[in-house]
Amino acid sequence: MEWGLLLLRVIIGLLFAGHAMQKLAGWFGGHGLAGTGGFFESIGIKPGRTMALLAGLAELVGGLLFAFGLFTPLAALLIIVTMLMAIVKVHGKNGLWVTQNGYEFNLVLIVIAVSVALIGPGDYSLDALWVN
């Protein structure tokens, strides 16, 4: 079980951090702050650039904390909040399935974050070093 939690946390956390860097720096085919800020403005999230920065930082911090298993409940909360915003502002109106730009993937990430927060990050985590 411990290896499974480690694998889950590291892969999801690093992918989430990578997604953040798409927003923040334009890495991995992202649009950076200017492009993401413009998109945010177009869907009514204002000021777009500032909100893109905050969203990117929440995703980056949440993803890295989740990957390392450090302050895991906080990490999960950051992931959950950003995914709920993505559902409310972008994907919810499109239905469930990701093939129609729906919220399927966001929901999967929320369930993973909630589950790890409830189960705990496992023995191979920074949280476990401090508790034991």
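1. A quick word before the tour: a residue is called buried here when its relative accessible area is under 20%. With that in mind, take Lys-23 and Glu-59, since both of these charged residues are buried. Keep in mind throughout that what you are looking at is a predicted model.

2. Stay with that pair for a moment. Side chains of opposite charge can pair when their charged atoms come close. Here the side chains of Lys-23 and Glu-59 form a salt bridge, with 3.1 Å from N to O. The two partners are 36 residues apart and tie together distant parts of the chain, Lys-23 sitting in helix α1 and Glu-59 in helix α3. How many salt bridges does the structure hold? The count is 1.

3. Now look at Asp-127, which you'll find in helix α6, residues 126-131. Asp-127 is buried as well, but has no salt bridge. Which side chain of opposite charge is nearest to Asp-127? That is Arg-9, 7.3 Å away, and a salt bridge needs the nitrogen and the carboxyl oxygen within 4 Å. As for what surrounds Asp-127, leaving out neighbours within four places in sequence, the contacts are Gly-69, Leu-70, Phe-71, Thr-72, Pro-73 and Pro-121.

4. One of those contacts of Asp-127, Phe-71, deserves its own look. Phe-71 lies in the loop between α3 and α4. Most residues other than glycine have a negative phi, and most peptide bonds are trans. Phe-71 is not a glycine, yet its phi is positive, about 50°. Its relative accessibility is 44%, so Phe-71 counts as partly exposed.

5. Asn-101 is another residue to check for backbone geometry. Again we have a positive phi in a residue that is not a glycine, this time about 60°. You'll find Asn-101 in the loop between α4 and α5. With 40% relative accessibility, Asn-101 is partly exposed.

6. The loop between α2 (32-42) and α3 is worth a stop too; Lys-46 is found there, and so is Pro-47. The peptide bond joining Lys-46 and Pro-47 is cis, with omega about -5°. Is Lys-46 buried or exposed? Its relative accessible area is 58%, so Lys-46 is exposed. Setting aside neighbours within four places in sequence, Lys-46 is in contact with Glu-41 and Met-51. For a sense of scale, the C-alpha atoms of Lys-46 and Thr-99 are separated by 28 Å, with their positions 53 residues apart along the chain.

7. On to the nonpolar parts. The largest nonpolar core has 18 residues, and the members touching the most others are Phe-66, Ile-79, Met-83 and Ala-113. Which elements give two or more residues to this core? They are α1 (2-25), α3 (48-68), α4 (72-91) and α5 (104-119). The largest share, 7 residues, comes from α4. Ala-113 makes a handy place to start in the viewer: beyond neighbours within four places in sequence, Ala-113 is in contact with Phe-66, Ala-76, Ile-79 and Ile-80. Apart from this core there is another one, of 7 residues, including Met-21, Leu-33, Ala-52 and Ala-55.

8. Aromatic rings next. The structure has 4 aromatic pairs. In one of them, the rings of Trp-27 and Phe-28 have centres 6.0 Å apart and planes at 90°, so this pair is edge-to-face. Trp-27 is partly exposed, at 48% relative accessible area, whereas Phe-28 is exposed, at 59%.

9. A note on the database record. The unreviewed UniProt entry annotates residues 60-84 and 105-122 as "transmembrane region"; such annotations may be inferred rather than shown by experiment. In the model, residues 60-84 are 88% helix and 0% strand, and the end C-alpha atoms lie 16 Å apart. Residues 105-122 are 83% helix and 0% strand, with 24 Å between the end C-alpha atoms.

10. Last, a look at Gly-4, whose place is in helix α1. Gly-4 has a relative accessible area of 44%, so this residue is partly exposed. How far apart in space are Gly-4 and His-31? From C-alpha to C-alpha they are 33 Å apart, and in sequence they are 27 residues apart.

Definitions and conventions: Residues are numbered from 1 along each chain as its sequence is written. This is a predicted model: local features need pLDDT of at least 70, side-chain atom pairs count only at pLDDT 80 or more; totals for chains, interfaces and linings use all residues. Side-chain values use heavy atoms; hydrogens and water are left out. A nonpolar core is a set of buried Ala, Val, Leu, Ile, Met, Phe, Trp, Tyr and Cys residues joined through side-chain atoms within 4.5 Å. Buried means under 20% relative accessible area, exposed over 50%, partly exposed in between (1.4 Å probe, protein chains only). Helices (H or I, at least four residues) and strands (E, at least two) are DSSP runs, numbered from the N terminus. Contact means heavy atoms within 4.5 Å. Rings of Phe, Tyr and Trp (its six-membered ring) pair if their centres lie within 6.5 Å; planes under 30 degrees apart count as stacked, over 60 as edge-to-face and the rest as tilted. Lys and Arg count as positive and Asp and Glu as negative; His and the chain ends are not counted.
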